[in-house]
Amino acid sequence: MKKILVVRSKYNNTVDLLRSAVKVLEAKKIKYSIIEVNGAFEIPVTIARNIKKFDGFIALGIIIKGETPNFDFISQAITNGLINLSILNKKPIGNGLITCFNNNQAIERKDNGKEAAEAVLDVLKLKG
């Protein structure tokens, strides 16, 4: 049986993202664990620490643009970290990270967790 690790940032209220991802996993009766981290920047290292324990991963976080260019640097660093981990370890990582300008945009994209879960399951051939 395949095991999935969901890594969720607690910053910027990612509960809806988590719910949408878990709904997919439970519907498919997939075994999963959840680790919560403080912010999205901690997601790649948390996945790296657990890379051998799971078959796939779902990264969930919300990054809202502020007044500084930090948004761009953080978003790009996380994306690069996730893709590098996925390729080097040949394991799927569903990218459920939302980058947006405000909370309303994040709310509109609350189903990104579902999409990230479906992407991982598709790569693992567990979808459908």
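For sorting residues by class, Ala, Val, Leu, Ile, Met, Phe, Trp, Tyr, Cys and Pro count as nonpolar, Asp, Glu, Lys and Arg as charged, and the others, Gly among them, as polar. Keep that handy for the first close-up, and remember that everything here comes from a predicted model.

**View 1. The largest pocket is lined without any charged residues.** Sort its lining by class and you get nine nonpolar and six polar residues. The pocket has a volume of about 250 Å³. Of the 15 lining residues, Tyr11, Ile63, Ile64, Asn70 and Ile74 sit closest to the centre. Helix H3 (70-89) and S3 each supply at least two residues of this lining, and H3 gives the largest share, with four.

**View 2. The largest nonpolar core has 20 residues.** Look for Ile4, Val6, Leu25, Ile58, Leu60 and Ile62, the ones that touch the most other members. Two or more residues apiece come from strand S1 (3-9), helix H1 (15-27), strand S3 (56-64), strand S4 (93-100) and helix H5 (112-123). H1 chips in the largest share, six residues. There's also a second, separate core, made of 17 residues, including Val7, Ala40, Ala59 and Ile63.

**View 3. Here's the neighbourhood of Leu60.** Leaving aside residues up to four places away in sequence, Leu60 touches Val6, Val7, Arg8, Ser9, Leu17, Leu18, Ala21, Ile43, Gly96, Leu97 and Gly113.

**View 4. Glu36 and Arg8 join up in a salt bridge.** Their side chains meet at 2.5 Å, N to O. Glu36 belongs to strand S2 (residues 31-37) and Arg8 to strand S1, so this pair ties together parts that lie 28 residues apart in sequence. The partners sit in different surroundings: Arg8 is buried, at 9% relative accessibility, while Glu36 is partly exposed, with a relative accessible area of 42%.

**View 5. Asp16 and Arg19 make a salt bridge within helix H1.** The closest N and O atoms are 3.1 Å apart. Because the two residues are three apart in H1, about one helical turn separates them. Asp16 is partly exposed, at 36% relative accessibility, and Arg19 is exposed, with a relative accessible area of 55%.

**View 6. Arg109 and Glu108 form another salt bridge.** Their side chains meet at 4.0 Å, N to O. Glu108 is exposed, at 62% relative accessibility, whereas Arg109 is partly exposed, with a relative accessible area of 32%. If you're keeping a tally, a search of the whole structure finds five salt bridges.

Definitions and conventions
Residues are numbered from 1 along each chain as its sequence is written. This is a predicted model: local features need pLDDT of at least 70, side-chain atom pairs count only at pLDDT 80 or more; totals for chains, interfaces and linings use all residues. Side-chain values use heavy atoms; hydrogens and water are left out. A nonpolar core is a set of buried Ala, Val, Leu, Ile, Met, Phe, Trp, Tyr and Cys residues joined through side-chain atoms within 4.5 Å. Buried means under 20% relative accessible area, exposed over 50%, partly exposed in between (1.4 Å probe, protein chains only). Contact means heavy atoms within 4.5 Å. On a 1 Å grid over the protein atoms alone, a cavity is a set of points where a 1.4 Å probe fits but cannot get out, and a pocket is an open set with protein on both sides within 12 Å along at least five of seven lines; lining residues have an atom within 4 Å of a point. Grid points are joined across faces, edges and corners, and a volume is the space filled by probe spheres set on the points.
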